[in-house]
Amino acid sequence: MFSSIAGSQSSVNPEEIAHFSRLSQQWWDERGEFGMLHKMNPVRMQFIRDKVVEIQREEDEANVNEFQPLSGLDVVDVGCGGGLLCESLARLGGRTIGIDASSSNIGIASLHAAADPALAPTSASGAKGKGSLTYQHTSVEDLLDERGPSSFDVVCSMEVIEHVDNPRTFLTNCATLVKPGGHLFLSTIARTPLAYFLTIFAAEQALRLVTPGTHTYSKYINPDEMTEFFLTTPLPPATSAPAQTTTAPASRPWISRLYGGSPPRTEAEVRGMVYLPWKGEWVLVPRGAPGASIWAEACNYLFWVRRPVE
């Protein structure tokens, strides 16, 4: 999946940007086009919070911040859309930036965040360790050019990679933004018959929960492909090479090995998300659930990987 699209440098797909720009007014309508994402957001945040706290606890039990685990951390949400995830990240204490290639999405996100003064970068609450939120109309490539590598403690990109061109380039750029010891969180859709049935046939064609054409089956990425990328791909170094030297060598792959097909939980983790229609909510599949790789990760899943401390 990744190897066939390594040539180009841009991940922005103009047709995808135009599609989501047309829908931008609906981002905060919980019963509209993005209703399923509103229901999914608490599960995504649960996963992010739990993984950050887990690593904090591994490193220094005395300094775990369970209520605001992102306090003092620089956070970016790549492909932020209308800001659903960004506002939650800021409320967990992160100094959060949301970026999107659609100016319409950034406009809606900024307008909604302005209604909560606690999210403002200059709010008095910022001095007390609470988070802040700003938005920027840009791509991940341009943000990397502007900020340079290793600029963020936490990089998130949720339900985005299945909409970009050149996912290998996109994933590499997102990873390059992560500081050593930092976190990369992704969520996407597996390329399986079940995923096609649920996300395209049912959600788009039969039930019209989302606009037909929103998803492209060939762009879906399986969890093992994501894991393989971080197991085998040497990623760019944490710092740019000085101008007078040769290009700095790539860092080692972020996943060192697999145990029974799974990476060590301190290096990476895959968790499925399942929608329960009788409850009208998403649930995070428990770690180690029997057969999870077959059924729970066969459609929507979350992926976390940590950059090695170099």
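Visitor: Which residue takes a positive phi in the hairpin of β6 and β7?
Guide: In this predicted model, local features need pLDDT of at least 70, side-chain atom pairs count only at pLDDT 80 or more, and totals for chains, interfaces and linings use all residues. Residues are numbered from 1 along each chain as its sequence is written, and side-chain values use heavy atoms, without hydrogens and water. The hairpin has four residues between its strands (strands are DSSP E runs of at least two residues, helices H or I runs of at least four, numbered from the N terminus). The positive phi, near 70 degrees, belongs to glycine 280.

Visitor: Which residue stands opposite valine 274?
Guide: Strand β6 covers residues 268-276 and pairs with β7 (at least two DSSP bridges make a pair). The two run in the antiparallel sense, over four bridges. Opposite valine 274, in β7, you will find valine 283.

Visitor: Which residues form the covered face of β7?
Guide: In a regular strand the side chains alternate between the two faces of the sheet. Strand β7 spans residues 281-284, and Glu281 and Val283 lie on its uncovered face. Its covered face holds Trp282 and Leu284.

Visitor: Which elements do the buried residues of α8 pack against?
Guide: Helix α8 runs over residues 223-232. Its buried residues (under 20% relative accessible area with a 1.4 Å probe, protein chains only) are Pro223, Glu225, Met226, Thr227, Phe229 and Phe230. Counting contacts as heavy atoms within 4.5 Å, these buried residues pack against α6 (167-176), β5 (178-189), β6 and β8 (300-306).

Methods:
Buried means under 20% relative accessible area, exposed over 50%, partly exposed in between (1.4 Å probe, protein chains only).
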